[in-house]
Amino acid sequence: MTANNMEELVALCKRRGFIFQTNEIYGGLQGLYDYGPLGVELKNNLKTSWWSSMVYERDDVEGLDSSILTHPDVLKYSGHEETFTDPLVDCKECKSRSRADHIEDGKCPSCGSKDLTEPRPFNLMFKTNIGPIDDGSSFAYLRPETAQQIFTNLKNVIDTTSRTLPFGVAQIGKAFRNEITPRNFIFRVREFEQMELEFFVEPGTDEEWHDQWVKDRVNWWEKQGIKKKNLELVDIPKEDLSHYSKKTVDIMYRFPHGLEELEGVANRTDFDIGSHTKNQKDFDIKAKVKQNSDSVIKLAVQDKINNTWTIPYVIEPSAGVDRGFLAVLNEAYKTEDLGDGKQRTVLSLKPHLSPIKASVIPLKRNNKDLVSTALKIKSSLQALGMGRILFDNSGNIGKSYRRHDEVGTPICLTVDFETLEDQKVTARDRDTMAQERVSILDLPKYIKKILL
Ligand code: GAP
């Protein structure tokens, strides 16, 4: 189980239309990738699964979808302007730039020269101009994390939902970082998606909630098909913590290139909410909280029974969609010997993540009766709303089965000449390759059982 190396996954992604290099026809852009016809399905399924577990299956979380372009003051007061940097080293020989912590034995990773500059901080945020005049006076940042927009919307969410502590706000969306050395396929890129929850709690209950969220998140990854033995928890040492964090536990996954961060669960304390609040003009949250005055309290949370105000602590499970995609793909990937020197590649994805849920295949592509029966089955299954059901009219059953094994389709339904007589199709299971005859009338129940 799992791929032998990253190259196998890259090749599969390109061959079958999961992932393409951005603007490849112009030579590509480093650290940027596009998700193809199957990639977008798998990615959406992963995001839907996260959203269901975070928002629908709980009763203490609301959703949000906010802007990517962010007011510079937000990222000034969040500390990102000053501290969201990586240490950059220049090679004086070949002029390439590297992250200082990616340099081994003091040698340039490109040319091997030891003639390197001292590390200097390099801010990872992308800036862009707002409005028609490009004189640098009016700019915005492309958000480096989705979290800040959740913090700045805290009062809006509370006012419109009447939430009290503890509760969370979930968001899935793009984040941008001008990584010095993007690498390892979609693992470290410059434009990616995050699935972030900011969970607001009473100060003093934060450590307990933090422990709980680490457990919940590991459980969720296991439900996505990640084996426990390929996950490790790492307590980030104090000196490596982000500027906002009191404690962070990274959920690490054994990627093809090594054990690396899949998700971080941070205890952000009241750093962000306190900072945004304090820094609003003429506004001293700590003083106002003491006075219990609500007129100027912007981001504090009110306990309506006791009429007290709290600047909540924040527990933040923050996962990368792209890294999650890579992890579930790697876990699902396997090759099997079929005898006679033949092999098959199978993506044993959990059915809820599979890009295609079922494929309906007429045995012969030119036979009108087979084709129309297959199309009717496709429409009726599609109407169940369980994801993409494909009408596959390739006319070569063997090839279709191989292709669907490789892209993780859990079930193939073949419409043959017997179907026209007995109203049954041949259902073939991706993982066992076992085949059985199933009545067309029973297909909705049959498919639901496999997918749900
Ligand atoms: N709001 C907290 C935060 O952004 P982070 O550890 O910097 O924390 C969270 O990022 C997650 O986002 C990471 O665990 C990772 O999965 C993903 N991520 C971060 N940088 C990335 C990059 N350059 N490419 C792909 N995913 C990235």
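One aromatic cluster in this predicted model is formed by Phe18, Tyr35 and Phe325. Within it, the ring centres of Phe18 and Phe325 lie 6.5 Å apart and the ring planes meet at 75 degrees, so this pair is edge-to-face. The pair links distant parts of the chain, 307 residues apart: Phe18 belongs to the loop between helix H1 (6-16) and strand E1 (19-21), while Phe325 belongs to helix H10 (residues 321-332). Phe18 and Phe325 are both buried.

A tilted pair is found in Phe167 and Phe200, with 5.5 Å from centre to centre and 40 degrees between the planes. Because Phe167 is part of strand E10 (residues 167-176) and Phe200 part of strand E11 (residues 191-201), this pair ties together parts that are 33 residues apart in sequence. Both Phe167 and Phe200 are buried. The count of aromatic pairs comes to 12.

Charged side chains also meet aromatic rings. The charged end of Arg323 is placed over the ring of Phe187, at 3.7 Å from its centre. Likewise, Lys127 lies over the face of Phe139, and here the distance to the ring centre is 4.5 Å.

Helix H14 (residues 443-451) offers a pleasing example of a two-sided helix, with Leu443, Tyr446, Ile447 and Leu451 buried. Viewed down the axis of H14, these buried residues fall within an arc of 120 degrees, and they therefore line one face of the helix. An α-helix has 3.6 residues a turn, so residues three or four places apart point the same way. The exposed residues Lys445 and Lys449 are carried on the face of H14 turned away from the buried side. The packing partners of the buried residues of H14 are helix H11 (368-382) and four strands, namely E20 (358-362), E22 (411-415), E23 (424-429) and E24 (435-439).

Turning to strand E7 (residues 120-123), this element contains Arg120. Arg120 is partly exposed, with a relative accessible area of 35%. Beyond four places in sequence, Arg120 touches Asp86, Pro87, Leu88, Asp90 and Arg97. For Asp86, the C-alpha to C-alpha distance from Arg120 is 8.1 Å, across a separation of 34 residues in sequence.

As for confidence, the chain has an average pLDDT of 93, and 95% of the residues score at least 70. Residues 289-297 call for some care: pLDDT stays under 50 there, and the model has 16 contacts beyond four places in sequence for this stretch. Where pLDDT is low, the predicted coordinates should not be read in detail.

Notes. Residues numbered from 1 in each chain as written. Predicted model: local features only at pLDDT ≥ 70, side-chain atom pairs only at ≥ 80, totals over all residues. Heavy atoms only, no water. Buried < 20%, exposed > 50% of the residue type's maximum accessible area, 1.4 Å probe, protein only. Arc of directions from axis to C-beta. Contact = heavy atoms within 4.5 Å. pLDDT = per-residue confidence, 0-100. Phe/Tyr/Trp six-rings, centres within 6.5 Å; stacked < 30°, edge-to-face > 60°. Lys NZ or Arg CZ within 6 Å of the ring centre and 35° of its normal.
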